Amino acid sequence: MRLGMIPLWLLIAATPPMARGQEPRLLGRVPDPARAQVDAILDAARVRGLPVEPLLDRALEGATKGAPPAAIVAAVTRLRDELVVVSRAFGETASTAELTAGASALRAGAGADDLARLRRLRPGRPLTVAAAVMADLVAAGVAADTAAGAVLALAQNADDADYIAFRRNVQRDIELGASPAAALAVRIRSATDLSSTPGSETMPGTGASRKRKP
Amino acid sequence: MTRRGWREALAIVAWLLTIGPPVAGQTEGTLGLGASVIEYDGFLSSGAVVFAPALRFDSPRLSFGGQGSWTMFESGRSVIQGTAAVAWLAGSSRAWRLELSGSAGASEYAAESVTGHLLAGARLHVFAAGTGGWLGANLGQSFGGPSGVPMELVVAGWSVSNRVALVGSATTTFQGRLRQLDLVGAIRWTGPKLELEVRAGARPWAHDPENASGGFTEAFGEITMTVPLSPRLAVSLGGGKYPSDPVRQVVGARYLSAGFRLRTFGRQARSVPVHTTGVLRGRLVPTDENGPPLEIGGPAERRTLRIRAGDATSVELMGDFTDWIPVRLTRVAPAVWEIKLAIPAGVHRVNIRLNGGVWSVPGGARLERTEFGGSVGIVVVP
């Protein structure tokens, strides 16, 4: 009986700590070599107080899309690093949704300083939509620093609906043929009334006045 | 009123109607080809090429008009639009007549998005010697644009002499929470070798709580010159500024245009500026993403996800909220596919697939390249 227990005991002892917190949702989905590494990343994230759900989702996304194990691990690692940066910028009280949105903005080109400023300008208010709009603007062709400036310009007064309307209007203007910078400038002007001079607008974050193309 | 007087009155009424929907006009078919430079309110200017066929038919009581256009912009995107309208003039009183009309229009931008309108109208005309006026109302529906049932109330007056026609109108528009008043005056001079039309107006009052950037009070004006080169061919030059029209989803703009108009049949060329409809009907729209838009609504515990895909036989989606397990949507109406899922507020990643094909990014979602070799759509669920 005692001899029969030895192999199990040895197995437990030999198992590295990182594998002990196996995430059941990864089983059968993520290939074994990657799964152990992802589990380790998840464990470390828990220790650091980071949300694990986005990391888990990223692994599942890679698995579903047939990515090689190394690519899955690389994607989860990168997201973990982004979450660390955003967590510092947004503070410990940031929600999972806010951290995820911030990570998305970082990936789009926003800076950690921009996110930190956003937190300071919107104390106690949700940041998810604002950060997501920052990323959307960059993806629409707006320079990252300009997009960040626009979102920050609205930060003190805009609610989520305002941000969504702002993003939609800029996107539509661009699709109608306006340059991203001009579309952003026009919309930020109408949203903030920063400039009342016809034919010019103040570029958010720069303070510079720019003529609109006739 | 003499018979000629009636013809003049009807012709003027037809012209008046072009200030609103193009309802009635002189009998002819035309093909227009021209080029424009247009600058939508607050945007960069763009060159455009316009091809615009039109057909109009008049009888003493019934008028029909149809026009279409294809406009290609510098960006390579194009607008195709068409408008058709019919008007029936009732009664036989010398002084008063009732007109019932209907119009429909549709427009497609960049092969992606379609908007349209459907309007029914009634006008009470009063005729006198060389002058007249009418009271009218239009009521209907707009599609793919602002919400709310559009309604227009119009009062207008006109006067016509040998070569000069004058018209003035005041239109109050209601649509959803939007309210606006438009005052428009126009004069047309028809000479032996030149036709000149000047239109000027103002929007002295507007209230649009849903769009702070629109509905500002403004002044506008257009001038159009038409020179017949032959009995069938005319050249048109025009320019000016026109206001937005929320009912017909026209974006306000400034423009310069030049073009030719070939009368393919009929008796007399009309002075419809070649730039007209296609450019005027440019709208706010589209997306360059490769899938149909994904609409998400409802409470977090039971969101409705809807995709409009007319020619699809199956629609699937997968995302972080499905643990990246594909789920099938159910067809709930022709071209409408839905599924209900619990989705918390936040930023989500999603792909969709039609007819078992490749996974794509839904329209309206931000496209993000992934480390996995493809793209994913990023959507914000407030």
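This is a short talk on a predicted model, mostly about chain B and partly about chain A.

Hi everyone, and thanks for coming. Please keep in mind throughout that we are looking at a prediction. Let's begin with how confident the predictor is. For the model as a whole, the scores are ipTM 0.77 and pTM 0.48. Chain B has a mean pLDDT of 78, with 77% of its residues at 70 or more. Where does chain B fall below 50? One stretch is residues 1–26, and the model gives this stretch 59 contacts beyond near neighbours in sequence. Another is residues 267–289, where pLDDT stays under 50 and the model has 94 contacts beyond four places in sequence. Where pLDDT is low, predicted coordinates should not be read in detail. I'll leave those two stretches there.

Now the overall makeup of chain B. How many helices and strands does chain B have? The tally is two helices and 23 strands, so you can guess that sheets will take up much of this talk. Of the 382 residues in chain B, 41% are buried. Here is another way to look at the fold: take the contacts between residues at least 6 apart in sequence, and 54% of them join residues at least 24 apart.

On to the sheets. A quick reminder for the newer people: strands of a sheet pair through backbone hydrogen bonds, either parallel or antiparallel. The first example is an open sheet of five strands in chain B, in the order β18-β17-β21-β23-β22, with antiparallel pairing. Which strands sit at its edges? They are β18, residues 327–328, and β22 of chain B, and each pairs on one side only. At the β18 end, β17(B), residues 315–319, pairs with β18(B) over two bridges. If you want to find that spot on the screen, look for B:Leu317, which stands opposite B:Val327 in β18(B).

Stay there for a moment and follow the loop between β17 and β18 of chain B, which holds B:Asp323 and also B:Trp324. Most residues other than glycine have a negative phi. Both of these go the other way: B:Asp323 has a positive phi of about 55°, and B:Trp324 has one of about 60°. Are they buried or exposed? B:Asp323 has 15 C-beta neighbours inside 10 Å, so it counts as partly exposed. B:Trp324 has 21 such neighbours, and therefore counts as buried, the cut-off for buried being 20 or more.

Next is an open sheet of four strands, also in chain B, ordered β15-β16-β20-β19 and again antiparallel. Why is one side of β15 and of β19 left without a neighbour in the sheet? These two strands, residues 294–297 and 330–333 of chain B, stand at the edges with a single partner strand each, so nothing in the sheet lies on the other side. On average, neighbouring strands of this sheet are turned by 35° against each other, direction ignored. Four bridges tie β15(B) to β16(B), residues 303–308, and one pair to look for is B:Ile296 with B:Leu305.

Elsewhere in chain B, there is a run of longer ladders to trace. β7(B), residues 131–143, is joined to β8(B), residues 151–160, by nine antiparallel bridges; B:Asn138 has B:Glu152 as its bridge partner there. β8(B) is then joined to β9(B), residues 164–175, by 10 antiparallel bridges, and B:Ser159 partners B:Leu166.

How do the two chains meet? The contact takes 31 residues from chain B and 37 residues from chain A. On the chain B side, β1, β2, β21, β22 and β23 each supply at least two residues, and β21(B) gives the most, with three. By type, the chain B side divides into 17 nonpolar, eight polar and six charged residues. Notice that β21, β22 and β23 are names we met in the five-stranded sheet.

Let me finish on chain A, with helix α6, residues 96–108. At 1.5 Å a residue, its 13 residues should span 18 Å, and the end C-alpha atoms are indeed 18 Å apart, so the two agree. This helix is mostly covered, with 11 of its 13 residues buried, among them A:Leu99, A:Gly102 and A:Leu106. Right after α6(A) comes A:Gly109, with a positive phi near 130°.

That's my tour, and I'm happy to take questions.

Key. Residues numbered from 1 in each chain as written. Chains lettered and ligands numbered in written order. Predicted model: local features only at pLDDT ≥ 70, side-chain atom pairs only at ≥ 80, totals over all residues. Contact = placed C-beta atoms within 7 Å. Nonpolar A, V, L, I, M, F, W, Y, C, P; charged D, E, K, R; others polar. Pairing = 2+ DSSP bridges. pLDDT = per-residue confidence, 0-100. Axes fitted to C-alpha atoms, helices over the stretch in contact; angles between N-to-C directions. Buried ≥ 20, exposed ≤ 12 C-beta atoms within 10 Å, placed from the backbone. Expected span 1.5 Å × (residues − 1).
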